[in-house]
Amino acid sequence: MTRPLALVTAIALLSGCQTFAPSEPDGTPPVQEADQSTQLKPEEYGSFSQETLFALLTAELAGQRNRFDIALGNYVQQANATGDPAVAERAFRIAEYLGAEQAALDSALIWAQNAPQNIDAQRAAAVQLARAGRYDESMTYMEQVLQRQGDTHFDFLALSAAETDPDTRAGLLQGFDRLLNKNPDNSQLLFGKAILLQQDGRAEEALELLEERPGSAKEVSPLLLRARLLQSLGRGEEALPLLQKGIRENPDDKRLRLTYARLLVEQDRLDDAKGEFSKLVQENPNDDDLRFSLALVCLEAEAWEEAIVYLEELVERRSHVDAAHYNLGRAYEELEDSDSALQEYGMVGPSNDYLPAQQRQAELLFNQQRNEDASRRLAEAREAQPDYAIQLYLIEAEGLSNHDQVDSAWQVINQGLEQFPDDLNLLYTRAMLAEKRDDLAQLEHDLRYILEREPDHAMALNALGYTLADRTTRYQEAHDLIEKAHQLNPDDPAILDSLGWVNYRLGNLEEAERFLRLALKKFPDHEVAAHLGEVLWAQGKQREARSVWREALAETPDSPILRDTLSRLTGSETP
């Protein structure tokens, strides 16, 4: 007598089965009535065996007890055994909820194969095949959806191919073209092809395709893609009226307004951007990401007090707290309220903004000649956040060095090396301090140690090579070191400057001039200008040398290297 009762119970439970959805905050999956298409009705079980019914009953009971692994296993097993589309769909929904990719693919294919007229089944199979990289098969299923006038996911199919190889994307493009020949006005196909062209680096073609067949103004995704393509082609100003029109047609679309606001920032129309972000925050008062973006735009527009209002709101709302405190510090610095700035920087906790906050706090104190306070706070920070200790030693040493406290910086960096004797950043910093102390033996010792550990350490190669070229007569050795650094980082302006300087020392004046001009173009720095001017002077191009020095002094009037170079070569500190 118990067996029939069990069967009736199983049928009753299965007929009311519920979809799996994200859990509530307390971890309990919410109870939601399943869509009629996903409910398994008693009459659908007429041909099922007793074993299948018990397996499905077990699955449902397991799901109610949060044992979704058992539920999924049973449903996938029975989908394979029975080929029943309702069971397969149920297996697919559970797998999708759990993120079980292979189970989702297998069950979606069973569902689609056994329900050929069901658009949702065909679409699910297409999407899962695309996720698995089986694009040709995915296109076949997607075409079936298209033929039945269903909404397709050609955009997802195209986006999922972003990380594939060029041959796969080329094959997909052929598939899109084949379907477009049959459905030339299908906006989803056009959009998908445009995405593929963009991924292939063919932005002009993608834009042309979307502009030839712009589709409905209500279609937001193609419009956003057009705007991105225009931006990528350096035509951002053309995207603004396009987005404005889209906003008029879709006034409630947050994506359009946000893209428009960000583009205004890129176009340096900060007041307009501020207005757009203000509207977005008013329309979405609980969106703290938007509120933070508005605060950053205010900072960029130098609206310091307005930025402070939004940043303090974020702190009150306990959102973006560390970033808010850091940017409050920036705003108060600009308002010359150092005490408030220091207080805000001190409230930044472990996060991406922690070290920048520590650096700004230290710099403020060093600028006020409160060196002991700066060192004390950094020592306390090292004690409180030992994971940041190395970076905090570097911040302190750099701050002291920049304020002509080289001996104190030397003590700090050695203290750091006592704790972290093999850290290459600390060793590199000690080498740079050694150069300031005229201790070239220590500099070379530390840099050689770094190069033993990392032979391709471009900064160490360049630093050692430049020092040998500038402070010794070991010019060929210096050239070899710098040349290796140049091969590793051919566009680094510091290395180009070193390469120019060592060629000058070797007497290769034309090569020296070429490299120094490249360096100055990439990085208009007073030291590079001093070097280039000296090389020009040595070639008899005194007028041009004076012009280079004059321009550099206008930017850096207190540059000691410029003054020394001028005094040494011209007898005067003015060009």
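The legends below describe close-up views of a predicted model.

**View 1. The whole chain is built from helices without strands.** The chain contains 32 helices and 0 strands. Of its 575 residues, 46% count as buried. Among contacts with a separation of 6 or more, 46% are accounted for by residues 24 or more positions apart. About 29,000 Å² of the chain is exposed, and carbon and sulfur atoms supply 45% of that area.

**View 2. The largest nonpolar core has 136 residues.** The residues with the most contacts inside this core are Leu-243, Phe-277, Leu-311 and Leu-447. Helix α26 (residues 458-471) gives the largest share of the core, 8 residues. A second, separate core has 32 residues, including Leu-56, Val-87, Ala-104 and Ala-126. In soluble globular proteins, nonpolar side chains tend to be buried together.

**View 3. Surroundings of Leu-243.** With residues up to four places away in sequence not counted, Leu-243 touches Leu-223, Leu-224 and Ala-227 as well as Leu-256, Thr-259, Tyr-260 and Leu-263. Leu-243 is one of the residues with the most contacts inside the largest nonpolar core.

**View 4. Helix α28 (residues 493-505) and its cap.** The 13 residues of α28 should span 18 Å at 1.5 Å a residue, and the end C-alpha atoms are 18 Å apart, which agrees. Because 10 of these 13 residues are buried, α28 is largely enclosed by the rest of the structure. The buried residues of α28 include Ile-495, Leu-496, Trp-501 and Val-502, and also Asp-497, Ser-498 and Asn-503. The packing partners of the buried residues are α26, α27 (475-488), α29 and α30. At the N-terminal end, Asp-492 caps α28 through a side-chain oxygen 2.8 Å from the backbone nitrogen of Ala-494. Gly-507, just after α28, takes a positive phi of about 90 degrees.

**View 5. Helix α31 (residues 542-555) has a buried side and an exposed side.** For the 14 residues of α31, 1.5 Å a residue gives an expected span of 20 Å; the end C-alpha atoms are 20 Å apart, which agrees. Ala-545, Val-548, Trp-549, Ala-552 and Leu-553 are the buried residues of α31. They cover an arc of only 130 degrees around the axis, which puts them on the same side of α31. An α-helix has 3.6 residues a turn, so residues three or four places apart point the same way. Arg-543, Glu-551 and Ala-554 are exposed on the other side of α31. The buried residues pack against α29 (509-522), α30 (526-538) and α32 (560-570).

**View 6. Two buried aspartates in loops.** Asp-253 sits in the loop between α13 (236-249) and α14 (254-266). Asp-253 counts as buried because its relative accessible area is 16%, and its side chain reaches the backbone nitrogen of Arg-255 at 3.0 Å. Asp-287 is in the loop between α15 (270-283) and α16 (288-300), and is buried at 17% relative accessibility. The side chains of Asp-287 and Lys-254 are joined by a polar contact of 2.3 Å. A polar atom of the Asp-287 side chain also lies 3.1 Å from the backbone nitrogen of Asp-289.

**View 7. Leu-179 in helix α9 (residues 166-182).** Leu-179 counts as buried, at 0% relative accessibility. Leu-179 and Glu-143 are 36 residues apart in sequence, while their C-alpha atoms are 7.6 Å apart in space.

How values were computed
Residues numbered from 1 in each chain as written. Predicted model: local features only at pLDDT ≥ 70, side-chain atom pairs only at ≥ 80, totals over all residues. Heavy atoms only, no water. Helix = DSSP H or I, 4+ residues; strand = E, 2+ residues; numbered from the N terminus. Expected span 1.5 Å × (residues − 1). Buried < 20%, exposed > 50% of the residue type's maximum accessible area, 1.4 Å probe, protein only. Arc of directions from axis to C-beta. Contact = heavy atoms within 4.5 Å. Core = buried A, V, L, I, M, F, W, Y, C linked by side-chain atoms within 4.5 Å. Polar contact = N/O pair within 3.5 Å; in protein donor to acceptor, adjacent residues only side chain to side chain. Areas by Shrake-Rupley, 256 points an atom, 1.4 Å probe, with all protein chains shown as cover.
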